[in-house]
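Here's a quick walk through one structure, with an eye on salt bridges, burial and internal space. Have a look at it first, then read on.

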Amino acid sequence: MSIVTVQLGQCGNQIGFEVFDTLFSDSHSSQGLCSKKENEAYQASCKERFFREEENGVPIARAVLVDMEPKVINQTLSKAARSGQWKYGEHACFCQKQGSGNNWAYGYSVHGPRNEESIMNLIQKEVEKCDSLSGFFIIMSIAGGTGSGLGAFITQNLQDQYSNSLRMNQIIWPYGTGEVIVQNYNSILTLSHLYRSSDALLVHENDAVHKICAKLMNIKQISFSDINQVLAHQLGSVFQPTYSEEGSFHYRRNPLGDLMENLVPHPEFKMLGIRNIPQMSENSLAYSTFTWAGLLKHLRQMLISNAKMEEGIDWQVRPPISGLPALGKMSLKKELRFNTSIANLVILRGKEVQSADLGKQKLRAYIHQYTKFGIEEEDFLDSFTLLEQVVSSYSNI
């Protein structure tokens, strides 16, 4: 099944290019991890998701580019064309001569209604070129005017016109020091509207990604291109084809559907984040060795301590002890440091993934709601055992 990507504003278009470039490069790189047949199947699955029929031998990204100023779109189209490996569709972009001036209301209330028909027609044309549509991946910032205001408007239109298709928005959280004086207003308006019209919000924080570039990638003069490449690497690790945990030899068919099924168990809880390990420069890889046990241990601690990267993990954070309610100010404070997740999905890529033990990654979703009132895990096990016996007795009648 295919994903149609909608790149909105300067941020969305710059990240979108890096995402497609990463996806294409990964699917065509030979790393000796699998047989020729398996590699061909991987390439075919990736192409079905993100690229469509070739034009003069060059695959075309399943994407629509939207901005209210032409500069960034022209740069993005040129970069893709210069790569010679893939490109955007000739008529898959929409731009105007005037931006939104970092005004969310102008993007949402003026640019949106004024250009709605033209933009939605471009999206419809791209949808019609999919044999089977998984849904939409919308890349945008939440702090500016066009990406956030127009992005919220377009997402709402996608909900109205494609109610049976999934919508995931990848949103960029602004720097805490401030990029735009009204970024707080824009962010609040964007989030409130997206929460009504999107199925999932995948959040990346500029501060956190900037720190990864500085601490883990060892980049001295960090540019937006560096940040976007880190984002693309993380997104590629999630969206590239994967097998199911059950050991199927067929790649998951519905990329967005599989993610939603595992990560959005309730419509009130749709904020998603990525923890990626290892994250390092290409130069450092040659001098590094990893084991699945070590990687998974660090990944688990990143999750429960709410660490965005491997460096600086707080190893003192531990899950609350089952059945023991927090007593006193110190105990309560310590328990609040534990990052509670509603749902988690672990994706492994590399050699000998079958040997990885995922037992400790299963953090007992919702169990904490019971253990804080005295119900132990053993109570669940006893209940399961009893009811299995009851089912067996009825089955034997």
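Let's fix some terms before anything else: a residue is buried under 20% relative accessible area, exposed over 50%, and partly exposed in between. With that in hand, Glu54 at 42% relative accessibility counts as partly exposed. Keep in mind that this is a predicted model.

**Salt bridges**

Glu54 isn't on its own: it forms a salt bridge with Lys47, and their closest N and O atoms are 3.4 Å apart. Lys47 has a relative accessibility of 32%, so this partner is partly exposed as well.

How many salt bridges does a search of the whole structure find? The search turns up six. Three of them, including the one just described, look like this:

| Acidic residue | Basic residue | N to O distance |
|---|---|---|
| Glu18 | Lys79 | 3.9 Å |
| Glu54 | Lys47 | 3.4 Å |
| Glu53 | Arg52 | 3.1 Å |

Take the Glu18 and Lys79 pair, whose side chains meet in a salt bridge. Glu18 sits in helix H1 and Lys79 in helix H3 (residues 70-83), so the contact ties together parts that are 61 residues apart in sequence. Are these two buried or exposed? Glu18 has a relative accessible area of 7%, which makes it buried, while Lys79, with 33%, is partly exposed.

The Glu53 and Arg52 bridge has a similar story to tell about burial. Arg52 is buried, with a relative accessible area of 7%, whereas Glu53 is partly exposed at 44%. There's a further partner here too, since Arg52, Glu53 and Glu126 are linked in a network of salt bridges.

**Helix H8 and the cavities**

Now over to helix H8, which runs over residues 224-239. Its 16 residues reach 22 Å from the first C-alpha to the last, close to the 22 Å expected at 1.5 Å a residue. Why call this helix largely enclosed by the rest of the structure? Because 12 of its 16 residues are buried. Among them are Asp226, Asn228 and Gln234, along with Leu231, Leu235, Gly236 and Phe239.

Some of those names come back when you look at the internal space. The structure holds two cavities of 30 Å³ or more, and the largest has a volume of about 50 Å³. Which residues line the largest cavity? They are Thr5, Val19, Phe20, Leu23, Phe50, Phe137, Leu235, Gly236 and Phe239. Helix H1 (9-27) and H8 each supply at least two residues of that lining. Helix H1 is also the one that carries Glu18 of the bridge to Lys79.

**Out on the surface**

For a change of scene, look at the nonpolar patch formed on the surface by Leu386, Leu387, Val390, Tyr394 and Ile397. Together these residues have about 600 Å² of accessible area. Leu387 belongs to helix H14 (residues 377-395), and at 53% relative accessibility this leucine counts as exposed.

Another exposed residue is Arg196, with a relative accessibility of 56%. Arg196 lies in helix H6 (residues 183-197). If you want a distance to check in your viewer, try Arg196 to Gln159: the two are 37 residues apart in sequence, with 9.3 Å between their C-alpha atoms.

How values were computed:
Residues are numbered from 1 along each chain as its sequence is written. This is a predicted model: local features need pLDDT of at least 70, side-chain atom pairs count only at pLDDT 80 or more; totals for chains, interfaces and linings use all residues. Side-chain values use heavy atoms; hydrogens and water are left out. Helices (H or I, at least four residues) and strands (E, at least two) are DSSP runs, numbered from the N terminus. The expected span of a helix is 1.5 Å times one less than its number of residues. Buried means under 20% relative accessible area, exposed over 50%, partly exposed in between (1.4 Å probe, protein chains only). Patches are made of residues with over 30% relative accessible area and no salt bridge: like charges are joined within 9 Å, nonpolar side chains (Val, Leu, Ile, Met, Phe, Trp, Tyr) within 5 Å. Accessible areas come from the Shrake-Rupley method with a 1.4 Å probe; for residues, only the protein chains shown count as cover. A salt bridge is a side-chain nitrogen of Lys or Arg within 4 Å of a carboxyl oxygen of Asp or Glu. On a 1 Å grid over the protein atoms alone, a cavity is a set of points where a 1.4 Å probe fits but cannot get out, and a pocket is an open set with protein on both sides within 12 Å along at least five of seven lines; lining residues have an atom within 4 Å of a point. Grid points are joined across faces, edges and corners, and a volume is the space filled by probe spheres set on the points.
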